[in-house]
Amino acid sequence: MGKIIKVGMADMNICSPPDIITTLGLGSCVGLVLYDVRTKLCGLMHIMLPDSTKIKNNSNRAKFADTAISDMLEIMKKNGSNIEDIIAKIAGGARMFEYGADKKSRGIISIGDENINAVIEILKCKNIQIISKDIGKNYGRTIIFDPSNGNMTIRAVGKTEKII
């Protein structure tokens, strides 16, 4: 077994077998794995916000869906990937602080929902297929991705571990 590469909040990194890659504490953030099925290179992003153009302090490009995805695709291309070989898996985007039974408040889009929508739309525009996802709901997640087999393990407190 190789190393475990850790990706922090508003961070990203790449990984190839035999190493695995992980990110902890996905609440409203989205964990996005781009995976090259041919080379087995993967990139993991811990995305905090949907759109870098809406924030003044946007120097950390890994923080935002729009810039993180574009940058990761460039990194993967430089490391031998072709966009036609890349698929995606996503997790997170929870509504962590929703409470009460007020149905009117459900009309307000949470940051988790905005993150999910941004990631899905950007991937659609780039013709990258999302092959599996574990998104939304009201609990945090940790993800572990193994590029040797393409499995994403999802762990959440009080939930059964799942592989997507």
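Colleague: Is Asp51 buried, partly exposed or exposed?

Modeller: In this predicted model, Asp51 counts as partly exposed, with a relative accessibility of 22%. The cut-off for buried is under 20%, so Asp51, at 22%, falls in the partly exposed class.

Colleague: And which side chain does Asp51 meet in a salt bridge?

Modeller: The side chain of Asp51 meets that of Lys54, with a distance of 3.6 Å from N to O. Lys54 itself is exposed, its relative accessible area being 67%.

Colleague: How many salt bridges turn up in the whole structure?

Modeller: A search of the whole structure finds 8 salt bridges. One of them joins Asp85 and Arg38, whose side chains meet at 2.8 Å, N to O.

Colleague: Where do Asp85 and Arg38 lie?

Modeller: Asp85 lies in the loop between α1 (65-78) and β6 (86-92), whereas Arg38 lies in the loop between β4 (30-36) and β5 (42-47), so the pair ties together parts that are 47 residues apart in sequence.

Colleague: Are those two buried or exposed?

Modeller: They fall into separate classes, since Asp85 counts as buried at 19% relative accessibility, while Arg38 counts as partly exposed at 46%.

Colleague: What about helix α1, which residue does Lys77 pair with there?

Modeller: Lys77 forms a salt bridge with Glu74, and the closest N and O atoms are 3.5 Å apart. Both residues lie in helix α1, and they are 3 residues apart, which is about one turn of the helix. As for accessibility, Lys77 is partly exposed with a relative accessible area of 42%, and Glu74 also counts as partly exposed, at 39%.

Colleague: Which residues are joined into one network by salt bridges that share partners?

Modeller: Those residues are Asp134, Arg141 and Lys162, which are joined into one network in that way.

Colleague: Switching to the strands, which side chains of β1 are buried?

Modeller: In strand β1, which covers residues 4-7, Ile5 and Val7 point to one face and are buried, while Ile4 and Lys6 point to the other face and are not buried.

Colleague: Why would side chains alternate like that?

Modeller: In a regular strand, side chains alternate between the two faces of the sheet. The side chains along β1 follow an alternation of this kind.

Colleague: How many bridges join β1 to β3, and do the strands run parallel or antiparallel?

Modeller: There are 4 bridges between β1 and strand β3 (residues 20-26), and the two strands run parallel. Val7, one of the buried residues of β1, has Thr23 as its bridge partner in β3.

Methods
Residues are numbered from 1 along each chain as its sequence is written. This is a predicted model: local features need pLDDT of at least 70, side-chain atom pairs count only at pLDDT 80 or more; totals for chains, interfaces and linings use all residues. Side-chain values use heavy atoms; hydrogens and water are left out. Buried means under 20% relative accessible area, exposed over 50%, partly exposed in between (1.4 Å probe, protein chains only). Two strands pair if DSSP finds at least two bridges between them. A salt bridge is a side-chain nitrogen of Lys or Arg within 4 Å of a carboxyl oxygen of Asp or Glu.
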